[in-house]
Amino acid sequence: MIEPKCSRSAIRRIASGSIAAFALVGTLAAAAERPRVGLVLGGGGARGAAHIGVLEVLRENRIPVDCVAGTSMGGLVTGAFAAGLSPDEMLAAMGKADWRAMFNDNPPVEDLNPRIKYQSRRFIPGTEMGMTKDGVQALPSVVGGQKVKLFINQLVRSQYGEPQIENMPLPVSIVATDLVTGDKVVFREGSLTKAMRATMSVPGLMTPVKDGDRLLVDGGLVDNVPIDEVRKNCKADVVIAVNVGSPLMKAGEIGGILSVAGQMVNILTEQNVTRSLATLTASDIYIKPDLEGITAAEFGRYDETAKRGRAAAEALLPRLQALSVDETQYQAWLTAMTPVRGPLPVVDEVRIAGLKRVNPAYPDRYLKNYEGVPVDVDRLDKDIGLIFGDGEYDHVDFSLLSTRDRNILRVTPLEKEFGPDYLRFGFNLNSVSNGSSTFNMRVAYQKTLINSLGGEWLAGVQVGNEIGAFTEFYQPLDAERRFFFEPRLIYLRVPLDIYQNNNRVAEYRVDQTTLDLLAGINVGLWGPVAFGWTERYRNADLETGSPTFRSGGKGYGGFLAKMEFDQFDRLYNPTTGWAAYGNYFYAAGDGYDRAELDLRAAQSIGDYVFHGRIRGAGSLTGTLPFYDAVALGGFLNLSGFVRNQIIGDSLMYGNVRVEKVVGRLPAGLRGDMRVGVALEGGQVNGRYTETNLNGWQSSVTAYAGGETPLGMVYVGYGYAPNGMGNFYLFIGTP
């Protein structure tokens with residue numbers, strides 16, 4: 001006799017399903033003796049946390065539900081409720097979530113791909129435009145929803161397998177809007193996490209979800225309190241409708257284009273809510289929590305919001321208690337609603353699916369050692385974030401597929417539709433009270449995924465006070481893009497002021513052309529180490545003042561090595577982390593070399609951020625010529641002196657800074673506003689300018705500013721006893 005082959009996990013699933021089925025049969029039999037209850041959870045962004053407080057009251061008073069429908073944040077809570085989460089588990093998930101980071105798709109800056117970090121500092125992140133066969137395309141939204149989807153996966157325990165709506169223990173409806181036709185789209189079957197993500201896609205803020213030919217966004221546009229859905233799904237005798245929608249803004253609150261767009265959405269939402277509420281009957285229960293002062297974006301106030309939802313439900317307790325059942329009936333219903341889960345599935349295989357242009361080995365480098373162990377969802381979320389941080393994808397998701405006796409972890413990176421060629425933009429305004437002020441704009445064309453190893457070409461121009469042009473090719477040498485070859489050609493024309501005794505005595509126009517042929521290795525996520533050959537040409541022409549130095553040109557070349565390690569948590573204005581930048585140049589045939597090491601660190605304690613920096617540069621052999629000298633001066637580089645005021649053969653510099661965080665940008669925008677003070681000291685030896693500044697020079701700087709979507713913004717004043725003092729204003733990318 002041959003016994004049929006059946007895995008233990010399959011037996012457990014069958015047993016669990018049988019128990020739930022028997023419990024559900026008993027529940028349905030009991031339901032025949034009580035009114036059918038349909039629960040409706042409306043949209044309202046962060047205000048939707050009030051639904052959790054309502055669910056607490058329903059559970060405490062043994063009120064079973066026969067079907068549930070939700071929209072937007074109400075759709076998120078609907079999905080969690082249908083998946084068997086208790087109100088306590090929902091609150092715990094809300095508390096664990098980093099809501100500020102949730103609406104910023106990239107991983108922490110210290111975990112960004114070094115190449116992406118390099119590009120993000122040169123060009124304003126989020127301003128790129130896709131170059132496709134259909135023409136130029138702008139970004140589809142502010143936020144892609146990458147972290148939102150991973151949060152949803154964790155919330156409904158997708159590591160046990162992708163939950164399907166039709167397999168939920170009670171009928172579920174989650175409402176979205178077709179952005180193409182304007183039609184209402186109701187998910188009653190299919191992927192639960194996809195439905196939850198689609199209904200939360202606020203137009204313009206979060207990327208729509210593709211579903212065949214449809215582009216799905218927030219269902220609040222067409223049905224923010226979907227009462228008719230529970231009447232259809234379970235023929236509800238009693239509807240419990242919870243409305244947490246945002247009221248219309250007052251005239252004084254409407255100003256900029258964003259507030260106007262927001263008010264338009266609110267108007268559409270309120271119109272369909274009014275129509276839905278008109279269908280309520282005397283036997284239905286309408287709950288509208290008092291959420292005055294809580295906006296749709298204040299996710300951090302989830303606990304307070306839930307308590308307000310609880311208070312609103314308790315105010316209607318006599319009517320709700322009329323729907324209560326005895327303990328036996330309620331426990332039977334609760335058993336049917338609560339999934340029985342065994343141990344986490346063990347992964348037998350990892351598959352990368354859906355790639356057309358990117359070599360699968362590239363994302364696969366983050367997915368090592370998953371086979372043979374249970375799914376670690378926290379690690380998986382982090383690794384998927386690293387894959388997304390490579391900058392090649394619209395989003396990256398995962399699912400666990402069980403086929404026979406094998407569990408397949410399927411990771412699906414969806415490549416950018418508006419790529420792989422882009423236009424990128426950057427700008428900066430640098431104003432100094434006692435020096436030359438500059439304004440520059442930068443635009444570049446970037447072509448990525450030129451070959452299977454991920455080669456890319458970048459070319460652009462800069463116009464303004466410092467004009468330039470550049471072209472560079474970046475060619476990885478292996479599928480994991482660890483090794484690379486990087487030739488580049490850069491031309492830049494910059495003004496150079498010459499100072500003596502704090503007086504500008506001359507101004508030169510300097511033309512610089514650099515050709516680098518470098519090869520290197522990316523040391524994990526720290527950054528690259530590169531070496532190779534460089535050819536340089538410098539030409540200086542006197543514009544105004546005394547001819548302090550001889551005009552003319554000079555060509556020279558030699559060996560170049562450099563490292564750029566960066567583990568700061570912000571692109572420009574870190575709160576924690578460290579960085580180490582170094583380079584060495586040996587001028588072949590010119591009798592000198594040039595070395596530089598720049599070490600930086602930051603650490604935050606509460607709202608205070610402490611910084612330290614040590615920099616040394618100069619010649620180890622011979623003397624640096626004027627055209628390749630080192631310099632001090634400029635903001636946080638001995639701020640009491642203007643940029644490059646003290647030029648010489650070698651330098652030492654250090655500073656300590658203390659900053660106080662005085663404000664943080666809204667959710668989805670990484671950065672904050674600070675006030676700070678810096679104590680600086682520096683010395684330049686073998687000086688070509690400011691020859692009377694012997695010994696160490698000190699400076700103290702006070703400033704305010706921070707990191708914004710446009711780059712760094714700051715104003716400050718630097719004072720040096722032997723300098724002239726400078727007011728600074730900077731906006732943009734370096």
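**Exercise 1. Is C67 buried or exposed, and which cysteine is its disulfide partner?**

*Solution.* Start with C67 itself: in this predicted model its relative accessible area is 0%. Buried means under 20%, so C67 is buried.

Next, look for the partner. C67 forms a disulfide with C234, and the two sulfur atoms sit 2.1 Å apart. The pair links distant parts of the chain, with C67 in strand β2 (residues 67-71) and C234 in helix α9 (residues 227-234), 167 residues apart. A disulfide is a covalent bond between the sulfur atoms of two cysteines.

Now check the other end: C234 has 10% relative accessibility, so it counts as buried too. Searching the whole structure turns up one disulfide.

**Exercise 2. Where does S72 lie, and what is unusual to look for in its phi?**

*Solution.* S72 is in the loop between β2 and α3. Its phi is near 55°, which is a positive value in a residue other than glycine. As for cover, S72 is buried, at 8% relative accessible area.

Compare N502. Its phi is near 65°, again positive in a residue other than glycine. N502 lies in the loop between β18 (483-500) and β19 (503-523), and at 21% relative accessible area it is partly exposed.

**Exercise 3. Why is helix α7 described as largely enclosed?**

*Solution.* Count first. Helix α7 covers residues 146-155, and eight of its ten residues are buried, so the rest of the structure largely encloses it. The buried ones are Q146, V148, K149, L150, F151, I152, N153 and L155.

Then ask what they pack against. The neighbours are the helices α3 (73-82), α4 (87-96), α5 (99-102), α8 (192-199) and α15 (377-388), plus the strand β12 (393-403).

Finally, step just past the end of α7: R157 takes a positive phi of about 60° there.

**Exercise 4. Which residue pairs up with E229 in a salt bridge, and which with E466?**

*Solution.* Take E229 first. Its salt bridge is with R188, the closest N and O atoms being 3.0 Å apart. E229 sits in helix α9 and R188 in the loop between β6 (184-187) and α8, so to speak two distant parts of the chain, 41 residues apart. E229 counts as buried at 1% relative accessibility, whereas R188 is partly exposed at 40%.

Now E466. Its side chain meets that of R643 in a salt bridge (3.1 Å, N to O). E466 is in the loop between β16 (456-464) and β17 (467-476), while R643 is in the loop between β25 (630-632) and β26 (646-648), so the pair ties together parts that are 177 residues apart in sequence. Here E466 counts as buried at 11%, and R643 is partly exposed at 41%.

For contrast, try R674 and D672, whose side chains meet at 2.7 Å, N to O. R674 counts as buried at 2% relative accessibility, and D672 is buried at 2% as well.

To finish, zoom out: a search of the whole structure finds 56 salt bridges. R115, R122, E456, E472, E486, R488 and D516 are linked in a network of them.

**Exercise 5. Which residues form the nonpolar patch on the surface?**

*Solution.* Pick them out on the structure: I605, Y608, F610, V656, V658, V677, L679, V700, Y717, Y719 and F727, with about 1,000 Å² of accessible area together. The elements giving two or more residues to the patch are β24 (608-618), β27 (650-664), β28 (672-685) and β30 (711-719).

Zoom in on F727. This residue is in strand β31 (residues 726-732), and its relative accessible area of 53% makes it exposed.

**Exercise 6. Which stretch has a pLDDT below 50?**

*Solution.* Begin with the whole chain: the average pLDDT is 89, and 93% of the residues score at least 70. The stretch to flag is residues 1-31, where the pLDDT is below 50; beyond near neighbours in sequence, this stretch has 16 contacts in the model. Where pLDDT is low, don't read the predicted coordinates in detail.

Terms used. Residues numbered from 1 in each chain as written. Predicted model: local features only at pLDDT ≥ 70, side-chain atom pairs only at ≥ 80, totals over all residues. Heavy atoms only, no water. Patch = residues over 30% accessible without salt bridge, like charges linked within 9 Å, V, L, I, M, F, W, Y side chains within 5 Å. Areas by Shrake-Rupley, 256 points an atom, 1.4 Å probe, with all protein chains shown as cover. Salt bridge = Lys/Arg side-chain N within 4 Å of Asp/Glu carboxyl O. Helix = DSSP H or I, 4+ residues; strand = E, 2+ residues; numbered from the N terminus. Buried < 20%, exposed > 50% of the residue type's maximum accessible area, 1.4 Å probe, protein only. Disulfide = S-S within 2.5 Å. pLDDT = per-residue confidence, 0-100. Contact = heavy atoms within 4.5 Å.
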